[in-house]
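Dear colleague,

I am passing the structure below on to you, and my notes on what was found in it follow directly after. Please read them with the coordinates open beside you.

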Amino acid sequence: MKFIERGNSEKAEVLLEEVVAAPGVRGITDEALFRLALLSMPSDLDREDLANAVKYLDRLQKEYPVSPWATQSSSLTDLLAVLPRHLQSTTELRRQIKSLRDLNLSLTRENKEMRLNIEKIKNLDLQLEKKVKP
């Protein structure tokens with residue numbers, strides 16, 4: 001756990017994977033599974049990495065159901081189960097936002113062009129009035 005405290009999550013993950021690959025020891029392996037699940041959750045919430053985290057949490061709950069780590073992991077497992085749907089919604093919303101920004105930019109350009117055309121028409125109208133007046 002010193003590697004986690006020092007911010008070296010890669011080294012901590014390697015050691016925790018070694019612990020969970022060895023024969024299980026109550027109080028050690030269950031905590032290692034929980035911590036490994038936490039380390040497996042990426043900051044960008046990539047689906048494949050989320051699946052790894054869920055795999056560790058499922059194993060923790062199945063092999064160590066009375067562990068305090070299993071109890072803590074159940075709400076985390078529930079959250080990770082609904083997260084992909086929310087990620088999909090978020091991706092769709094980002095796509096819509098980009099589309100709306102592009103449309104806004106296009107309309108802004110069109111609006112600017114129309115204002116310029118209105119100014120040109122006003123100038124032409126003024127020139128015509130000058131020519132018509134005796």
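I begin with a single residue: Ser 73 counts as buried, because its relative accessibility is 0%. Please bear in mind throughout that this is a predicted model, and that the values below are computed from it. Ser 73 is found in helix α5, and, once its neighbours within four places in sequence are left aside, Ser 73 is in contact with Phe 34, Leu 57, Leu 60 and Gln 61.

To place that residue in its setting, the protein has 5 helices and 0 strands, so that nothing but α elements appears when one reads from the N terminus on, in the order α-α-α-α-α. Of its 134 residues, 20% count as buried. Among contacts between residues at least 6 apart in sequence, 47% join residues at least 24 apart.

Several of the partners of Ser 73 come up again in the interior. The largest nonpolar core holds 18 residues, of which Leu 33, Phe 34, Leu 57, Leu 60 and Leu 80 touch the most other members. Helices α2 (9-21), α3 (29-40), α4 (47-63) and α5 each supply at least two residues of this core. Leu 60, for its part, touches Asp 30, Leu 33, Phe 34, Pro 65, Trp 69, Ala 70 and Ser 73, when residues up to four places away in sequence are not counted.

Two of the residues that Leu 60 touches, Phe 34 and Trp 69, also deserve a look together. The count of aromatic pairs comes to 1, and in this pair the ring centres of Phe 34 and Trp 69 are 5.1 Å apart with their planes at 40 degrees, so the pair is tilted. Because Phe 34 lies in helix α3 and Trp 69 in helix α5, the pair ties together parts that are 35 residues apart in sequence. Both Phe 34 and Trp 69 are buried.

The outside of the protein offers a contrast to Ser 73. Leu 100 lies in helix α5 (residues 68-132), the helix in which Ser 73 is also found, yet Leu 100 is exposed, with a relative accessible area of 54%. Together with Leu 103 and Leu 107, Leu 100 forms a nonpolar patch on the surface, and the three have about 290 Å² of accessible area together. For the protein as a whole, the accessible surface comes to about 10,300 Å², and 57% of that belongs to carbon and sulfur atoms.

With best regards

Technical notes:
Residues are numbered from 1 along each chain as its sequence is written. This is a predicted model: local features need pLDDT of at least 70, side-chain atom pairs count only at pLDDT 80 or more; totals for chains, interfaces and linings use all residues. Side-chain values use heavy atoms; hydrogens and water are left out. Patches are made of residues with over 30% relative accessible area and no salt bridge: like charges are joined within 9 Å, nonpolar side chains (Val, Leu, Ile, Met, Phe, Trp, Tyr) within 5 Å. Accessible areas come from the Shrake-Rupley method with a 1.4 Å probe; for residues, only the protein chains shown count as cover. A salt bridge is a side-chain nitrogen of Lys or Arg within 4 Å of a carboxyl oxygen of Asp or Glu. Helices (H or I, at least four residues) and strands (E, at least two) are DSSP runs, numbered from the N terminus. Buried means under 20% relative accessible area, exposed over 50%, partly exposed in between (1.4 Å probe, protein chains only). Contact means heavy atoms within 4.5 Å. A nonpolar core is a set of buried Ala, Val, Leu, Ile, Met, Phe, Trp, Tyr and Cys residues joined through side-chain atoms within 4.5 Å. Rings of Phe, Tyr and Trp (its six-membered ring) pair if their centres lie within 6.5 Å; planes under 30 degrees apart count as stacked, over 60 as edge-to-face and the rest as tilted.
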